[in-house]
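Hi,

Here is the structure I promised to pass on to you. Have a look at it first, and then read on for what turned up.

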Amino acid sequence: MKKNELYEVTCIDDTNLAAGVVKVEGRAVFVPKLLPGEKAEIRIVKVLKKYAFGRIEHLIQASPDRIEPLCAYAKTCGGCQLQHLRYPAQLAWKQRHIEALFPEQNVQPILAAPSFSYYRNKAQFPVQIRNRQVIMGFYRSHSNDIVPCDQCMIQSEEINAIFQVLQERLTPEMAEGLRHILIRTTRTHQAQIVFIGEHKNHWKPLIRTLIRRFPAIQSIVFNRNTRRDNVILGSEYEVLYGSDSVIDQCLGNQVKLHFKSFYQVNPEQMDVLYQTAIRMAKLEPTMDVAELYAGTGTIGMAVSSHVHHVTGVEIVPEAVENARQNCSLNHIENCTYVCEDASVFAKRMAAKKKRVDAVFVDPPRKGMTAQGIRDIVTLQPEQIVYISCNPQTLARDIKLYEQEGYECKVIQPVDMFPMTLHVETVVLMSRVDGK
Ligand SMILES: C[S@@+](CC[C@H](N)C(=O)[O-])C[C@H]1O[C@@H](n2cnc3c(N)ncnc32)[C@H](O)[C@@H]1O
C-alpha cells in the first residue's frame, strides 16, 4: 500500500473518533467519517508500519444513517464530528461506544437532548490576523488553522449574533495581540464577552456598538494572557463594561458566573444531568454529602434540599467565591464551599474522621488520579456519584474504585453535546458490604 493509491473498500467498523475502519491488503486503514457498511473509493493519505489513514474520494453506497450536514463548515471545521449522522444515529453511536467501554456494566439508554442545534451557551473563538485581515472562527481538526465562519449551528443564536457584529467591526488594529474572544450567554438573557490577549487595544467604539446592539451584554472583560501554551485564560483581567460575571438560572437557583468559572455548556441537558445524578443517589435528610470539583456549586445547591449538609470543594478561587455567593443569593444555608484540591480535601477529612455519606465527583476531562481515588475512598462514603465528560478516563477510574471496594450499580449516558463525539456520563457506585 502506498500514499495516494486508490482502493474500493467496505467499512467494517468504526473507532471512538468516528473514523471508519477498512481492511486493505490485510492492514487496517482509518477513514474519517466513513460509516460501518458503507462502500467507498478511498485515497491513502498516510502509511505507517501497522496501519494507514485514508480519506473518502467518493461514496459508492451510503449508509441510511448518513445525511448532508446542516452546517456549511462541517467538512472543514474540527468542532463537530458527527454532523453527517442523523441525530438518532448519533445517539446509537454514543450508546454503542459507551457499552463497548463498559461491557460488564448496567448501561442505561442514553438521554437524548431536546435540541441538537443552537444549544451551546459558550464559545471561544480563536483570532488571527492574516494578510491584514482578521480571521475568526474555529480550529480545523488537529490543527491551529482557523476555519473562518460566520455562524455556528451548535452555538446559541445570541452568540452567533454577537459574533457576527465582532466579525464586521473588529479591525486588524483592534485585533492586534488578541488570541481568543470568549462569548457566554445565559438562559436569563445575559451575555458576557471576554477579549483574551497580550494587551488591550482601542476597543471603546466597538464596545459602545456592542452594548447598544445587545442590551443583554452585562459583562465585557479584557483578560491578559501572554503564555505560549494552549491554556486560553490568563490570570490578570480588567472589567471594561459592567462586571466580571453574569447570572444564570439552574434548577430554580440563581447562578452567578465569573468568566473564569466552569459552567456546563448545554443548559437544558445540564438540568437533566443534575436531576439524573440526584435521582441515582439515594439521598436522605440526615446525610452529609461532599461535592468534589464543585465549580460554582450548581450540583451542591440542587442537592442541598435533600440532605443535611453539603461541603463543596473546588480549586478555582473565583468559582468558589461564586459558589458562596450563589448560596446566599438562593438563601441556602446548609452548603459550605472550600477552595482546595479535591484529593487534599478528602485526605484532610479522612484524617479528621469526618463522616461523609455520599460523594458527588465531577472532575475535568483527564479524570481523577489514582491517589485522588484512594483519598476519596478513605472517607468510606456509602455512595459515590461520578459525573464524567470523558468515558475513557471514567472507565479507567471505575476500575480503580472497584479495586478499592466499590461496585458500579448503573451507568447513565446523557447527550450534552449533540453533533460532537462527546458525551456526559453519570455513574452510581456503592460500597461493597464488609469492606
Ligand atoms: C467538569 S467541571 C465541573 C464543575 C461543576 N460540578 C459543574 O457541573 O458545573 C470540573 C471542575 O473541577 C475543578 N477542578 C479541576 N481540578 C481540580 C482539583 N484538583 N480539585 C478541585 N477542583 C478541581 C475545575 O476548576 C472545574 O470547576
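I299 touches Y274, A277, E291, A294, F360 and D362, leaving out residues up to four places away in sequence. This residue belongs to helix α6. Is I299 buried or exposed? It is buried, because 29 other C-beta atoms lie within 10 Å of its own, and the cut-off for that class is 20 or more. Another pair to look at is I299 and Q275: they are 24 residues apart along the chain, and their C-alpha atoms are separated by 9.1 Å. Please keep in mind throughout that this is a predicted model.

D362, one of the contacts of I299, leads on to the ligand. Of the 19 residues around the ligand, the ones that come nearest are F262, Y293, G295, A342 and D362. Helix α6 (298-304) and strand β17 (309-314) each supply at least two residues of this shell. By type, the shell divides into 13 nonpolar residues, three polar and three charged.

The UniProt record, an unreviewed entry, places a "binding site" feature at Q264, Y293, E314 and D362. I looked at two of these positions in more detail:

- E314 is found in strand β17. It counts as buried, because it has 29 C-beta neighbours inside 10 Å. Leaving aside neighbours within four places in sequence, E314 is in contact with Y293, A294, G295, A319, V320, A323, Y337 and C339.
- D362 sits in the loop between β19 (358-361) and α9 (370-377). With 25 C-beta neighbours inside 10 Å, D362 counts as buried too. Its contacts, again without residues up to four places away in sequence, are Y293, I299 and I387.

Y293 therefore ties this part of the picture together, since it is listed among the contacts of E314 and of D362, with both of those residues counting as buried.

Next, the active site. For "active site", the same kind of record (UniProt, unreviewed entry) lists C389. Where is C389 placed? It is in the loop between β20 (383-388) and α10 (391-403). C389 is buried, with 21 other C-beta atoms within 10 Å. Not counting residues up to four places away in sequence, C389 touches R365, H422 and E424.

Now to strand β11 (residues 191-197), which I think you will enjoy. Seven of its seven residues are buried, so the strand is largely enclosed by the rest of the structure. In a regular strand the side chains alternate between the two faces of the sheet. Here A191, I193, F195 and G197 point one way, while Q192, V194 and I196 point the other way, and all are buried.

On one side of the pairing is strand β10 (residues 178-185), which pairs with β11 in the antiparallel sense over seven bridges. Within that pair, I181 has F195 of β11 as its bridge partner. The hairpin of β10 and β11 has five residues between the strands, and H189 takes a positive phi near 65° there. Strand β12 (residues 217-224) is also a partner: it runs parallel to β11, and seven bridges join the two. F195 appears once more here, with F222 of β12 as its bridge partner. To get from β11 to β12, the chain crosses through helix α4 (residues 204-213), and this β-α-β crossover is right-handed.

Finally, the N-terminal stretch. UniProt (unreviewed entry) places the feature "domain: TRAM" at residues 1-58. Over those residues the chain is 0% helix and 62% strand, with the end C-alpha atoms 19 Å apart. Turning to the sheet that starts with β1, six strands form an open sheet in the order β1-β5-β6-β4-β3-β2, with mixed pairing. Why is one side of β1 (6-10) and of β2 (13-14) left without a neighbour in the sheet? Both stand at the edges, each with a single partner strand. Further in, strand β3 (residues 19-24) and strand β4 (residues 27-32) run antiparallel and are joined by six bridges. In that pair, V24 stands opposite R27 in β4.

Enjoy exploring it, and do write back with any thoughts.

Best wishes

How values were computed. Residues are numbered from 1 along each chain as its sequence is written. This is a predicted model: local features need pLDDT of at least 70, side-chain atom pairs count only at pLDDT 80 or more; totals for chains, interfaces and linings use all residues. UniProt positions are given in the numbering used here, feature names are shortened, and annotations may be inferred rather than shown by experiment. Helices (H or I, at least four residues) and strands (E, at least two) are DSSP runs, numbered from the N terminus. A residue is buried if 20 or more other C-beta atoms lie within 10 Å of its own, exposed if 12 or fewer, and partly exposed in between; C-beta atoms are placed from the backbone. Two residues are in contact if their C-beta atoms, placed from the backbone, lie within 7 Å. A residue is near a molecule or strand if its C-beta atom, placed from the backbone, lies within 6 Å of it. Ala, Val, Leu, Ile, Met, Phe, Trp, Tyr, Cys and Pro count as nonpolar, Asp, Glu, Lys and Arg as charged, and the others, Gly among them, as polar. Two strands pair if DSSP finds at least two bridges between them. A crossover is right-handed if, with the strands pointing away from the viewer, the path from the first strand over the helix to the second runs clockwise.
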